[in-house]
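Me: I've got this model open and I'd like a close look at a single part of it, the sheet and whatever sits against it. Could you walk me through that, and then through the charged pairs around it?

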Amino acid sequence: MLLDARKDRVNDVGMRYALLVLVFLVGCGAPRSEPWVVSRLYFGLSSDAGPVTDEQFRDFLEQEVTVQFPAGLTRYQTEGQWRGADGVVRREPSAVIELVHLDSVASTAKLQAIIYLYKKRFHQESVLLIQGHPQVRFE
C-alpha cells in the first residue's frame with residue numbers, strides 16, 4: 001500500500017513536469033499579441049562613386065522610404081565602420097532609419113525593395129537591417 005502511494009506521487013510529479021514543459025513549448029509557438037516590428041536600416045553615405053549628399057539622401061527618403069512607410073520614421077546621423085567583402089575596414093558617415101510597423105509579408109517586401117534601390121542607386125555593397133519585436137503603445 002505504501003509502495004502504491006509513492007508510485008502515485010512520482011507519477012503525479014512526472015505528469016506535472018510534463019504538463020509544464022508542454023505549456024512552455026506551446027507558448028513558444030504562440031502568435032504575438034502585438035504584431036509590431038522595429039526595423040533599423042543602416043545606410044553608408046560614401047562609395048567609390050563619391051559621397052551621398054544630404055540632399056540625395058533626403059530625396060531617397062522622400063521618394064522611396066516615405067512612400068512605402070508613410071506613418072513616419074526616425075533618422076539618425078552617425079559615423080560607422082565596417083569590413084567590406086575585400087577584408088578592408090572602412091569608416092564613413094552613415095544614416096540610420098528606424099521604422100515601427102506591423103509585422104507582415106508586405107512590410108518585409110517593402111524593406112527589401114528599399115535596400116535594393118539604395119544599393120543600386122548609391123553603389124553600396126550592403127545595407128544593414130536589424131529587426132526586433134518591441135512592446136508598442138501609443139499614449
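Reply: Here's a walk through the sheet, one residue inside it, and then the salt bridges.

Quick word on trust before we zoom in. This is a predicted model, and the protein chain averages a pLDDT of 83, with 76% of the residues scoring at least 70. The weak spot is residues 15-32, where the pLDDT is below 50. Beyond near neighbours in sequence, that stretch has one contact in the model. Where pLDDT is low, the predicted coordinates should not be read in detail, so I'll leave that part alone.

For orientation, the protein chain has three helices and four strands. Starting at the N terminus, the elements go α-β-α-β-β-α-β.

Now the sheet. It's an open one of four strands, in the order β2-β3-β1-β4, and the pairing is antiparallel. β2 (74-83) and β4 are the edge strands: each has a single partner strand, so one side of each has no neighbour in the sheet. Ignoring direction, neighbouring strands are turned by 30° against each other on average. Helix α3 packs on this sheet and touches β1, β3 and β4, while its direction makes about 5° with that of β1.

Look at β1 (residues 36-44) and what it pairs with. Nine bridges join β1 to β3 (residues 89-102), and the two run antiparallel. If you want a landmark for that pairing, tryptophan 36 stands opposite leucine 102 in β3. β1 is also joined to β4 (residues 128-132), again antiparallel, by five bridges. Here the landmark is tyrosine 42, which stands opposite leucine 128 in β4.

For a view from inside, pick leucine 99, which is found in strand β3. With a relative accessible area of 1%, leucine 99 is buried. Leaving out residues up to four places away in sequence, leucine 99 touches Val37, Val38, Ser39, Leu41, Val65, Phe69, Gly72, Leu73 and Leu111. Val37, Val38, Ser39 and Leu41 in that list fall within the β1 range of residues 36-44. Val65 is also on the list, and its number falls within helix α2 (residues 54-68). Leu111 is another, and its number falls within helix α3 (residues 105-122). You can also check alanine 71 against leucine 99: the two are 28 residues apart in sequence and 8.9 Å apart in space, C-alpha to C-alpha.

That kind of long reach shows up across the chain. Among contacts between residues at least 6 apart in sequence, 68% join residues at least 24 apart. Buried residues make up 24% of the 139 residues. The protein chain exposes about 10200 Å², and carbon and sulfur atoms supply 57% of that area.

On to the charged pairs. A search of the whole structure turns up six salt bridges, and three of them are worth a click.

Start with glutamate 64 and arginine 121, whose closest N and O atoms are 2.9 Å apart. Glutamate 64 sits in helix α2 and arginine 121 in helix α3, so this salt bridge ties together parts that are 57 residues apart in sequence. What about cover? Glutamate 64 has 17% relative accessibility and counts as buried, since the cut-off is under 20%. Arginine 121, with a relative accessible area of 35%, is partly exposed.

Next, arginine 58 and aspartate 54, whose side chains meet in a salt bridge at 2.3 Å, N to O. They're four residues apart in helix α2, so about one helical turn separates them. Arginine 58 counts as partly exposed at 43% relative accessibility, and aspartate 54 is partly exposed too, with a relative accessible area of 40%.

The third is arginine 90 with aspartate 86, where the closest N and O atoms are 2.6 Å apart. Arginine 90 is at 31% relative accessibility, which counts as partly exposed. Salt bridges that share partners also join Asp54, Arg58 and Arg75 into one network. The number of Arg75 falls within β2 (74-83), an edge strand of the sheet we started with.

Key
Residues are numbered from 1 along each chain as its sequence is written. This is a predicted model: local features need pLDDT of at least 70, side-chain atom pairs count only at pLDDT 80 or more; totals for chains, interfaces and linings use all residues. Side-chain values use heavy atoms; hydrogens and water are left out. A salt bridge is a side-chain nitrogen of Lys or Arg within 4 Å of a carboxyl oxygen of Asp or Glu. Buried means under 20% relative accessible area, exposed over 50%, partly exposed in between (1.4 Å probe, protein chains only). Contact means heavy atoms within 4.5 Å. Accessible areas come from the Shrake-Rupley method with a 1.4 Å probe; for residues, only the protein chains shown count as cover. pLDDT is the predictor's confidence in each residue, from 0 to 100. Two strands pair if DSSP finds at least two bridges between them. Axes are lines fitted to C-alpha atoms, for helices over the stretch in contact, and angles run from 0 to 180 degrees between N-to-C directions.
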